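Please read the points below with the structure open beside you, and check each one against what you see. They are meant for someone meeting this kind of description early on.

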Amino acid sequence: MKKISVSIIGASGYAGGELLRILLNHPNVEIAQATSRKFAKFPVTVAHPNLRGLTNLKFSKVEDLKKCDILFIGLPNGVSQKNMDGYMKIAPKIIDLGADFRLNNLENYENWYGKHEMPELLQKFIYGIAELHREKIRNTNYVACAGCEATCSILTLYPLFKNNLIYPQNVFIDAKLGSSAAGGKPSLSTHHPERSGVVRSYMPTMHRHTAEIEQELKTFSDTNIQVNVSATAIEMVRGILVTCQTFLKEDLSELDIWQIYRRTYENEPFIRLINDKVGVYRFPEPKLLSGTNFCDIGLQKDKRSNRLVVVGAIDNLVKGTAGQAVQAMNLMFGFDEELGLGFPGLHPI
Ligand SMILES: NC(=O)c1ccc[n+]([C@@H]2O[C@H](COP(=O)([O-])OP(=O)(O)OC[C@H]3O[C@@H](n4cnc5c(N)ncnc54)[C@H](OP(=O)(O)O)[C@@H]3O)[C@@H](O)[C@H]2O)c1
């Protein structure tokens, strides 16, 4: 089988590095070009030393990109919308990892992010979570991958919304994030003496991913929904843990809820339901997911009330971005959806 040619814009970043790592081990892919402004002409291993010995690829400049079969874009939010019409001339298929094309409604986008430079393209992109949009992703040329925190929250809550089990205004998401979620560009808040050891509440309200979580979950609700997100930066490089609290409409047992989760996700290769009664890891744990494309989900119903707590975990750089993107690419090219995404993680780590 002829391999597809893939190029990556923004390949020196954390998401780009994970794309390189996964795609170098993908049997149907040849990486054509990978861009970086600051490392142009240097080996990609300068930015991603974990890839030493696996590739001789050197970084290119964006302006030197040649035509390819699919283009991944790992640019900071707000950049891809300035040039998307040009990128569309380079490749017939595009997967954007940033936030620019995730929201399909302009007013909603502008409320959360400000002005959009190519609003006419918002409707062209399909939101990248395969578990919700598999058929649409198979049949599109343009995918906007979900935000990492949004991916974890949506997958954790989806069965509750799909089956109309909860009050859709009373959903509280406590998200704990590792430092790599902020990307590779240093800032004062990511500087080691400031970041190390923190339990920093940095977005108690108005986290921008709220917009995409509501966009995706409201499809299953006949009333308005309101998702309340609070985000905390914790001592971790990779990983997200969301603890979602909500209230059940009916007095369902924990077993009933497990059955609904099992039914919803029974054919999903990357969703694992964690219901262990013994051992240390009885609930999802991001540490165990480092480098994997899994989303682990666990739950417990409060015996004293109708409160339900559902916990989800992912690696923000894999299921939360690069792995999700490769999963979408596999669907867009008719490959086995799991190709290149089989890494099972490490224990102990
Ligand atoms: N980090 C995560 O966990 C995560 C999760 C989900 C989604 N995402 C999304 O993925 C995208 C990339 O995130 P990241 O964490 O990889 O960020 P990052 O580490 O800061 O990387 C950004 C990349 O873009 C390049 N770049 C920056 N400004 C540019 C410009 N004006 N023109 C051309 N290239 C430019 C940078 O390289 P040079 O400066 O060398 O050109 C670098 O390769 C973001 O949109 C982010 O929202 C990230």
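1. Around the ligand there are 31 residues, and among these Gly10, Gly13, Gly98, Gly183 and Gly184 come nearest. Please keep in mind, here and in every point that follows, that the model is a predicted one. Sorted by class, the shell around the ligand holds 13 nonpolar, 15 polar and three charged residues.

2. Where in the chain does the shell around the ligand come from? Domain 1 (4–124) and domain 2 (149–316) each give at least three residues to the shell. Helix 1 (14–24) and helix 9 each supply at least two residues, and the largest share, three residues, comes from helix 1.

3. Turning to the sheet, you will find seven strands in an open arrangement, with the order 9-10-8-11-14-13-12 and with mixed pairing. Strand 9 (199–203) and strand 12 (271–273) stand at the edges, where each has a single partner strand, so one side of each is left without a neighbour in the sheet. On average, neighbouring strands of this sheet are turned by 25° against each other, if direction is ignored.

4. As a general reminder, the strands of a sheet pair through backbone hydrogen bonds, and this pairing is either parallel or antiparallel. One pair to trace is strand 13 (residues 295–301) with strand 14 (residues 307–314), which run antiparallel and are joined by six bridges. Within this pair, Ile297 stands opposite Gly312 in strand 14.

5. Which helices pack on the sheet, and which strands do they touch? Helix 5 (residues 148–162) touches strand 8 (166–177), strand 10 (227–234), strand 11 (240–248), strand 12, strand 13 and strand 14, and its direction makes about 30° with that of strand 11. Helix 8 (residues 254–265) also packs on the sheet, touching strand 12, strand 13 and strand 14, while its direction makes about 160° with that of strand 13.

6. Two packed helices are described by the angle between their axes and by the distance between the axes. For helix 4 (residues 130–138) and helix 9 (residues 318–332), the axes come within 9 Å and cross at roughly 35°, and the crossing is right-handed.

7. In the contact between these two helices, Ala130, Arg134, Ile137 and Arg138 of helix 4 meet Gln327, Ala328, Leu331 and Met332 of helix 9. By class, this contact of helix 4 with helix 9 has five nonpolar, one polar and two charged residues. Helix 9 is also worth revisiting in connection with the ligand, since at least two residues of the surrounding shell belong to helix 9.

Key
Residues are numbered from 1 along each chain as its sequence is written. This is a predicted model: local features need pLDDT of at least 70, side-chain atom pairs count only at pLDDT 80 or more; totals for chains, interfaces and linings use all residues. Two strands pair if DSSP finds at least two bridges between them. Helices (H or I, at least four residues) and strands (E, at least two) are DSSP runs, numbered from the N terminus. Axes are lines fitted to C-alpha atoms, for helices over the stretch in contact, and angles run from 0 to 180 degrees between N-to-C directions. Two residues are in contact if their C-beta atoms, placed from the backbone, lie within 7 Å. A crossing is left-handed if the near helix is turned anticlockwise from the far one by less than a right angle, and right-handed if clockwise. Ala, Val, Leu, Ile, Met, Phe, Trp, Tyr, Cys and Pro count as nonpolar, Asp, Glu, Lys and Arg as charged, and the others, Gly among them, as polar. A residue is near a molecule or strand if its C-beta atom, placed from the backbone, lies within 6 Å of it. Domain bounds come from an automatic or database domain assignment.
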